[in-house]
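This report covers a pocket and its lining, followed by two residues with unusual backbone geometry. The sequence and structure are shown first.

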Amino acid sequence: MRILVLGGTAFFGRRLVKLLLAEGHDVTIATRGQTPDDFGNAVTRLKVDRTNQSAMNETFVNCFYDAVYDQICFNPQDAKIALEAFGDRVGRYILTSSMAVYHSKDTEITEDDFIPEQYSYDLDAQTYDYAEGKRQAEAFFFRNAPFPVVAVRVAMVVSGSDDHTGRFDYYVTHVAEQKSIGVLESEHPISYVTAWDVAEFLHFIGAKSNFVGPINAANSGYLSIQELCNEIGECLNTPPLFHVGRHEEQTLSPYAMFPYTWKILNARAASIGFEFPPIQKSISLMVQDSVFKRERSLQDELDTFQAQNQMSPDAAATFARLLQYLRDQGAGKGLNIGDKAPDFTLKDATGKAVSLSEELAKGPIILVFYRGEWCPYCNLQLKAYERIMNEIKAAGAQLIAISPQTPDHSLSMKEKHELSFFVLSDANNKTAENYNLKYKLPDFMQDIQKSSGFNLHQYNGDHTFELPITATYIIDKEGTIIAGASDLNHRTRMEPSEALKKVRSLHSCYCSERQ
């Protein structure tokens, strides 16, 4: 089969692509080209902005696919773009939807509890929350598509190895380290599905069945947070600790986002030949994966990516020349420990102004300067921080990431990687300059970029060819830099675990002072 996957380079989408390749299908992945993958030459890669109608039309003109998997459709506007781009040149369209389309219900939820053909959509809305966006995306497809559509309503996805949200890792860490876990006052069972089971199911639906319509994807069985943690505790031989938390105080744990029961029935999947295993059978393996991942450093991830994407001899020589040029220029020396961190006010991904001094009044800051969403090493770094964001917050700190890219690209990065921290836009690298990190690409690098078709100005909104040296600073509440690292080689970064240790030590000091 000729198969297109929109997205497919992260989480269960990556697993799906590997399953399709293993079966011998002709697979094309279409992404923005920012997230690294390890598919080698086995796939065809298309680079496209999925939210840009003209780009989608141009990319897929006269293309026919037996099946299209859409992993990155979040609202009816995205759905409309897809229909116009593909026309009737699709055998079947498999939309990755969510159990969020359902409203809460004490009894088991079936596919008939949300009928997309009977639901309205608004193509003129400025924003959509996640659940409403998915409802309206389904509604647009089922009411307008000239091809058969499947909406796979995915339960809460759990994984111990490749979950960039870090939610399952949070529970493993807290149980292992005997840290109290914030739960709701009453237990609310919800449905889960493992990343590998949902990938297997998507593979089955698209390549091994002729099913059309909405269908739930959930492992059998339901667990409250307390029950999930008790299962994790049995794997680690450590009983979990709990406290009743509050949303407004940010003392709840990641899965405590639903103050109601959400039990998704998977009988329809079983009726067409796919049996989801009980969620309890997978927890032990996920705990093992999570423990292994926590023991792996960011540098290990960066080195692995570098090994999988070896430079040509010419490219390696050019990179060495760039590093030597920057050393000769004395570029990007950054600030020193003990220096006062220069204040700044920059716009976040939504256009809101964020001030360093105002955020420091709330607690210490981990400040990260990165190059942009086009840099795979930066993507790996920020995802590594996202995995420990709950622990950073528990230490009374927060993270601010700064790049010269425009707010639109910052928003793209924040949404794509589900980042829960500030992602700010430093127009013209003014803040990077104040931190002694700004540098300009030499002429020979500018020429290479131009000839390769990579347009830095499209990301940064200027033609300066300026970037920040990648750097990380730990800033205490008084605005003093207590730790930091900057490196001309963007493939070397401070370990997030080291940054976490620093803010934890600050937290301990502040707690002692209050006593």
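## Second largest pocket and positive-phi residues

The second largest pocket has a volume of about 1,400 Å³. The model from which this value comes is predicted. A total of 40 residues line the second largest pocket, and those nearest its centre are Phe305, Arg371, Trp374, Pro376 and Tyr377.

Several secondary-structure elements contribute to this lining. At least two residues each are supplied by the strands β2 (26–31) and β3 (44–47) and by the helices α10 (298–308), α11 (313–329), α13 (376–387) and α17 (443–452). By residue class, the lining of the second largest pocket comprises 19 nonpolar, 15 polar and 6 charged residues.

The backbone also shows positive phi angles at two residues that are not glycine: Asn428, at about 60°, and Phe465, at about 55°. Asn428 belongs to the loop between β16 (422–425) and α16 (430–434), whereas Phe465 sits in the loop between α18 (456–460) and β18 (466–468). The table sets out their values.

| Residue | Phi | Relative accessible area |
|---|---|---|
| Asn428 | about 60° | 37% |
| Phe465 | about 55° | 16% |

Which burial class does each residue fall into, buried or partly exposed? Asn428 is partly exposed, because its relative accessible area of 37% lies between the limits of 20% and 50%. Phe465 counts as buried, because its relative accessibility of 16% is under 20%.

Notes
Residues are numbered from 1 along each chain as its sequence is written. This is a predicted model: local features need pLDDT of at least 70, side-chain atom pairs count only at pLDDT 80 or more; totals for chains, interfaces and linings use all residues. Side-chain values use heavy atoms; hydrogens and water are left out. On a 1 Å grid over the protein atoms alone, a cavity is a set of points where a 1.4 Å probe fits but cannot get out, and a pocket is an open set with protein on both sides within 12 Å along at least five of seven lines; lining residues have an atom within 4 Å of a point. Grid points are joined across faces, edges and corners, and a volume is the space filled by probe spheres set on the points. Helices (H or I, at least four residues) and strands (E, at least two) are DSSP runs, numbered from the N terminus. Ala, Val, Leu, Ile, Met, Phe, Trp, Tyr, Cys and Pro count as nonpolar, Asp, Glu, Lys and Arg as charged, and the others, Gly among them, as polar. Buried means under 20% relative accessible area, exposed over 50%, partly exposed in between (1.4 Å probe, protein chains only).
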